[in-house]
Amino acid sequence: MASSVQEVSSNAAVSAASVKQVDMKFEIVVIPVSDVGRAKEFYTKLGWRLDADFAKGNDYRVIQFTPPGSGCSIIFGKNVTAAAPGSAKGLYLIVADLAAARSELLFRGVAVSEIFHGGADNYIGSDEPYLFGSNRVPGPDPAQSSYRSFASFQDPDGNEWLFQEITTRLPGRVAGDTSYASTTDLVSALRRAAAAHGKHEERTGQADANWYDWYALYMVREQSGEPLPE
C-alpha cells in the first residue's frame, strides 16, 4: 500500500507539460455465455466477422467476433470470464439507419424488438433498463432526434444488445477524426448532404460548381455536431 501511495505521489510531481496523452482505444468486450458452440452459431448468424477461434485442450477456448464497421470486438469462450452467462446488458450498437438495421436482423432470422424511445421525463417503468430508464415507449422518437430511438435483441443466453440511431453527433464528440463505420453509413451521409445541398442551390438560385467542397463541409460538421452550412 505504501509503495502505491509513493508511486502516486511521484506521478503527481511530474509536470503536466512533460506528460503526453496516450491513445486508449476501447477494443474488446467479453461476453459471458453458457454454450460456446451455440453462441458462435448465433453471432455468425448476425453476419459478424469471425476473427478467431482458438482452443487449448478441453479447458480453454476463446472466440472473437467483430460487428460490421466496428472498431470494437467481442470475445466469449470457455474460462475467459467469471461473469454469469447472460449478465452482459447495455451493449450498444450505433447505427445511422435504425429501421434498416432492424430489418437486416429480421431477414437473418433473429428476433428483435420493435423500435422504441424514452417517455419524456418518465424514466421509471417495468421494462428492461437502458439509457433513458426503464420505460420504453413504442415507436421512434417523435422528433426524430439523434440518440433517441432504439431497438433491442438478445443472444441465446440473454446478453442484451441495443441498436441506437445516431445521425448527428453532439458538439465535441468528433474532433479531427471524421470517419464512417461502413459504406452504408457513408452513403446515408452523402444522401443527407445531397438533399441539403439541393436546398442550398434553391436558396442561391444557381448551380454550385464547387458542390464537393460544400458536401465535405456539411458531412464533417454533421459528424462533429457543428452548425451545418446553409
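This passage walks through the fold of a predicted model, from its overall make-up to its core, two helices, a strand and two loop residues.

To start with the broad picture, the protein chain has five helices and nine strands. Read from the N terminus, these elements come in the order α-β-α-β-β-β-β-α-β-β-β-β-α-α. The protein chain has 230 residues, and 34% of them are buried. If one takes the contacts between residues at least 6 apart in sequence, 53% join residues at least 24 apart. As for the surface, the protein chain exposes about 14200 Å², and 54% of that comes from carbon and sulfur atoms.

Next comes the inside. The largest nonpolar core holds 26 residues, and the members that touch the most others are Ile31, Tyr43, Phe76, Phe153, Trp161 and Phe163. Two or more residues each come from helices H2 (36–45) and H3 (98–107), and likewise from strands E3 (60–66), E4 (73–78), E5 (91–95), E8 (149–154) and E9 (160–165). H2 is the top contributor to this core, with four residues. Apart from this core there is another one, made of seven residues, including Ala189, Ala193, Trp214 and Tyr218. As background, nonpolar side chains in soluble globular proteins tend to be buried together.

Phe153 gives a good view of how the pieces of the larger core meet. With neighbours within four places in sequence left aside, Phe153 is in contact with Phe42, Leu46, Leu93, Leu105, Val110, Ala111, Val112, Asn159, Glu160, Trp161 and Phe163.

Now for H2, whose buried residues are Val36, Ala39, Phe42 and Tyr43. These cover an arc of only 125° around the axis, so they sit on the same side of H2. A general point fits in here: an α-helix has 3.6 residues a turn, so residues three or four places apart point the same way. The cover over the buried residues of H2 includes E3, E4, E8 and E9. The N-terminal end of H2 is capped by Asp35, with a side-chain oxygen 3.2 Å from the backbone nitrogen of Gly37. Just after H2, Gly47 takes a positive phi of about 90°.

H3 can be read along the same headings. Its buried residues are Leu98, Ala101, Arg102 and Leu105. Looking down the axis of H3, these buried residues fall within an arc of 95°, so they line one face of the helix. Among the elements that cover them are E5, E8 and E9. At the start of H3, a side-chain oxygen of Asp97 comes to within 3.3 Å of the backbone nitrogen of Ala99. Just after H3 there is a glycine, Gly109, with a positive phi of about 80°.

On to the strands, and E8 in particular. Of the six residues in E8, five are buried, so this strand is largely enclosed by the rest of the structure. E8 pairs with strand E6 (residues 116–118) in the antiparallel sense, over two bridges. His117 has Ser149 of E8 as its bridge partner. E8 also pairs with E9 in the antiparallel sense, this time over five bridges. Here, Phe150 has Gln164 of E9 as its bridge partner. E8 and E9 form a hairpin with five residues between the strands, and in it Gly158 takes a positive phi near 100°.

Two loop residues round things off. Ser134 is found in the loop between E6 and strand E7 (136–138). Its relative accessibility is 12%, so Ser134 counts as buried, the cut-off being under 20%. Not counting neighbours within four places in sequence, Ser134 is in contact with Tyr123, Ile124, Gly125, Ser126, Asp127, Glu128 and Pro129.

Val80, in turn, lies in the loop between E4 and E5. With a relative accessible area of 25%, Val80 is partly exposed. Once residues up to four places away in sequence are set aside, Val80 touches Val30, Tyr60, Arg61 and Val62. Val80 and Tyr60 are 20 residues apart along the chain, and their C-alpha atoms are separated by 7.7 Å.

Terms used
Residues are numbered from 1 along each chain as its sequence is written. This is a predicted model: local features need pLDDT of at least 70, side-chain atom pairs count only at pLDDT 80 or more; totals for chains, interfaces and linings use all residues. Side-chain values use heavy atoms; hydrogens and water are left out. A nonpolar core is a set of buried Ala, Val, Leu, Ile, Met, Phe, Trp, Tyr and Cys residues joined through side-chain atoms within 4.5 Å. Buried means under 20% relative accessible area, exposed over 50%, partly exposed in between (1.4 Å probe, protein chains only). Contact means heavy atoms within 4.5 Å. The arc is that of the directions from the helix axis to the C-beta atoms. A polar contact is a pair of N or O atoms within 3.5 Å; within protein, one must be able to donate a hydrogen and the other to accept it, and residues adjacent in sequence count only if both atoms are side-chain atoms. Two strands pair if DSSP finds at least two bridges between them. Accessible areas come from the Shrake-Rupley method with a 1.4 Å probe; for residues, only the protein chains shown count as cover.
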